[in-house]
Amino acid sequence: MLKRRKTAGVQEINAGSMADIAFLLLIFFLVTTTMDTDAGILRLLPPIVEDQIDPDIVKERNVYIVLVNDADQLLVEGKPMDIKDLREGAKEFMTNPNNSEDLPEKVRITAAVCSQKIAEFKSGVASAADPKDKQAYEDLAEKWEGKLDAVKLLGEFSELPGSAVISLQTGSKTSYNMYVKVQNELEAGIDELREGLSKDKFDRPFSSLDDKNEDDKPLIKAVRLVFPQRISEAEPVEVKK
Amino acid sequence: MSRFKDKGGKSTPPISTASLPDIIFMLLFFFMVTTVMRETDLLVKITLPEATEVTKLEDKALVDYIYVGPPSNKALGTEPMMQLNDQFAKLEEIDPWVKANEERRDEVLRPKITRSLKVDKDTYMKFVTDVKQELRKSNALKINYSTAQGR
C-alpha cells in the first residue's frame with residue numbers, strides 16, 4: 001500500500017518570459033511605425049477651359065504678379081525682390097494699407113450695403129422670367145447674405161475686389177524647391193493676416209478655429225471672406241526663343 | 001521560543017506582474033493595427049522641400065501619390081522620372097491612372113481624392129508643370145505639394 005505520490009499533472013509553463021517576448025514585438029512595431037501623416041501645401045488647380053475665351057480684362061492693380069526665372073530669382077510687380085520680402089509684399093497687396101493707386105481698390109462692406117443688395121437681388125429673383133437669370137440672382141443674393149453674416153461677426157470691413165489675385169509664374173528651369181518656397185511665403189502672408197484679424201475680433205488665433213465645430217464655421221467663413229486665398233496657378237506659357 | 005519570529009508574512013505582498021503581459025499585448029496590438037507598411041517601393045530618390053505653412057492630409061485612404069525625382073538606379077540616369085503605383089510611368093499614363101483610382105473608390109468620395117505630389121526639390125518646374133497639366137486634363141484638380149515640415 002504504497003501511498004501514491006500525488007501526480008503534479010502537466011507541468012505549468014512558466015509565463016514569466018511572456019512579457020519579454022511581447023516587449024520585443026512591441027519594440028519592433030514601435031520602431032517600424034511611421035506616424036507621419038503626409039503634409040503639404042494644398043492647392044486647387046483651375047479646370048481646363050476647352051475653348052479659350054478672352055479672359056476678362058482685369059485691372060493691372062488687381063493682379064500681383066510674381067515671376068520666378070530659371071535662376072530662381074524673383075520679379076514681383078516688375079521689380080526684383082528677395083524671397084524674404086515676399087511675405088510682406090503679399091500682405092501689402094491684400095490689405096493696401098495706404099490706399100495706394102497701384103494696389104487693389106478695397107470696397108467698404110457695411111450692413112446697410114448688404115441689406116440693400118440682398119433686397120435688390122431678391123426682387124430680381126422674383127421678377128426674373130428666365131430660370132437661368134433666376135439662379136444667377138439667387139446666387140448673388142446668397143453671396144451678399146454671406147457678407148452680411150461676416151459684417152455681423154467682424155463689423156464693417158473692406159473687401160478685396162473679386163478679381164484681385166496673386167499670379168505666380170515660373171520659368172521651365174525654376175527649381176521646385178524655389179516654387180514651394182514662394183508658395184509657402186505667399187500662404188504665410190495670407191495666414192498672418194487671417195491670424196491677426198481673428199485675434200483682433202475673436203480673441204483667439206485663426207488656427208485654433210475648428211472647421212468641424214458648428215460654432216466656429218461662420219467665423220472661419222468670415223475671416224476667409226475678408227482675406228481670401230487667391231493664388232492663381234497661371235497657365236503655362238510656351239517660351240518663345 | 002518563537003516570540004521573535006519575524007513577521008515577514010505580514011509585509012506588503014509584491015505587486016503581481018501577472019497582468020504585465022496583457023498590458024504589453026494591448027500596446028502591441030495597438031501598434032500592429034496602426035502600423036501602415038509602405039505599399040510601394042520607391043524607385044526614385046526624393047528629398048522633399050521644406051515649408052512652414054502646411055496642411056495635414058486627413059484621410060490617407062483618399063490620397064494618391066505621384067512621385068517625381070531622379071531614379072534610385074544610377075543606370076537610368078539622373079533626369080527626373082515619375083513613378084505611379086510601383087513603376088515608372090510616362091506623362092500620358094497619368095490619365096488612365098487617375099481613372100483607375102477613381103474607379104476603385106465610392107462614387108461620392110471621388111471628388112475628395114487628393115493627389116499628393118511628392119517631388120524632389122531639385123526637379124525643374126517644367127516637369128512639375130507638365131504633370132499638373134495632365135492632372136488638369138483628367139480633371140484631378142485637388143492636389144497637394146508634399147513638403148517636409150520646416151522649422
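Let me start with strands S2 and S3 of chain A. S2 covers residues 63-68, S3 covers residues 74-76, and 3 bridges join them. The two run antiparallel. One pair to look at is A:Val66, whose bridge partner in S3(A) is A:Val76. Keep in mind that this is a predicted model.

Now the loop between S2 and S3 of chain A. A:Asp72 lies there. Phi of A:Asp72 is near 60°, which is positive, and this residue is not a glycine. Is A:Asp72 buried or partly exposed? It is partly exposed, because 18 other C-beta atoms lie within 10 Å and burial takes 20 or more.

Next, the whole sheet. In chain A, 5 strands make an open sheet, in the order S4-S3-S2-S7-S8. The pairing is mixed. Which strands stand at the edges? They are S4 (79-81) and S8 (231-233) of chain A. Each has a single partner strand, so one side of each lacks a neighbour in the sheet. On average, neighbouring strands here are turned by 30° against each other, direction ignored.

Helix H5 of chain A packs on that sheet. H5(A) touches S2, S7 (165-170) and S8 of chain A. Its direction makes about 155° with that of S2(A).

After H5 comes a loop that leads to helix H6 (217-226) of chain A, and A:Asp203 is found in it. A:Asp203 also has a positive phi, about 65°, and is not a glycine. Here the C-beta count inside 10 Å is 7, so A:Asp203 counts as exposed.

On to helix H2 of chain A, residues 86-95. Which of its residues are buried? Leu86, Gly89, Ala90, Phe93 and Met94 of chain A are. They cover an arc of only 130° around the axis, so they sit on the same side of H2(A). What do they pack against? The partners are S2, S3, S4, S7 and H5 of chain A. Just after H2(A), A:Asn96 takes a positive phi of about 45°.

Now the interface. Chain A puts 38 residues into the contact, and chain B puts in 43. On the chain A side, helix H1 (18-32), strand S1 (39-44) and helix H5 (176-202) each supply at least two residues. By class, that side has 21 nonpolar, 12 polar and 5 charged residues.

S1(A) pairs across the interface. With S7(B), S1(A) pairs in the antiparallel sense over 5 bridges. A:Leu44, for instance, has B:Lys142 as its bridge partner in S7(B). S1(A) is also joined to strand S2 of chain B, residues 55-56, by 2 bridges, again antiparallel. There, A:Gly40 stands opposite B:Thr55.

Stay with S7(B), residues 142-146. It is mostly covered, with 4 of its 5 residues buried. Within chain B, S7(B) pairs with strand S6, residues 114-119, in the parallel sense over 3 bridges. B:Arg115 stands opposite B:Ile143 in S7(B).

Last, confidence. The predictor gives the complex an ipTM of 0.75 and a pTM of 0.76. Mean pLDDT for chain B is 84, and 90% of its residues reach 70 or more. Where pLDDT is low, the predicted coordinates should not be read in detail.

Terms used:
Residues numbered from 1 in each chain as written. Chains lettered and ligands numbered in written order. Predicted model: local features only at pLDDT ≥ 70, side-chain atom pairs only at ≥ 80, totals over all residues. Contact = placed C-beta atoms within 7 Å. Nonpolar A, V, L, I, M, F, W, Y, C, P; charged D, E, K, R; others polar. Pairing = 2+ DSSP bridges. pLDDT = per-residue confidence, 0-100. Axes fitted to C-alpha atoms, helices over the stretch in contact; angles between N-to-C directions. Buried ≥ 20, exposed ≤ 12 C-beta atoms within 10 Å, placed from the backbone. Arc of directions from axis to C-beta.
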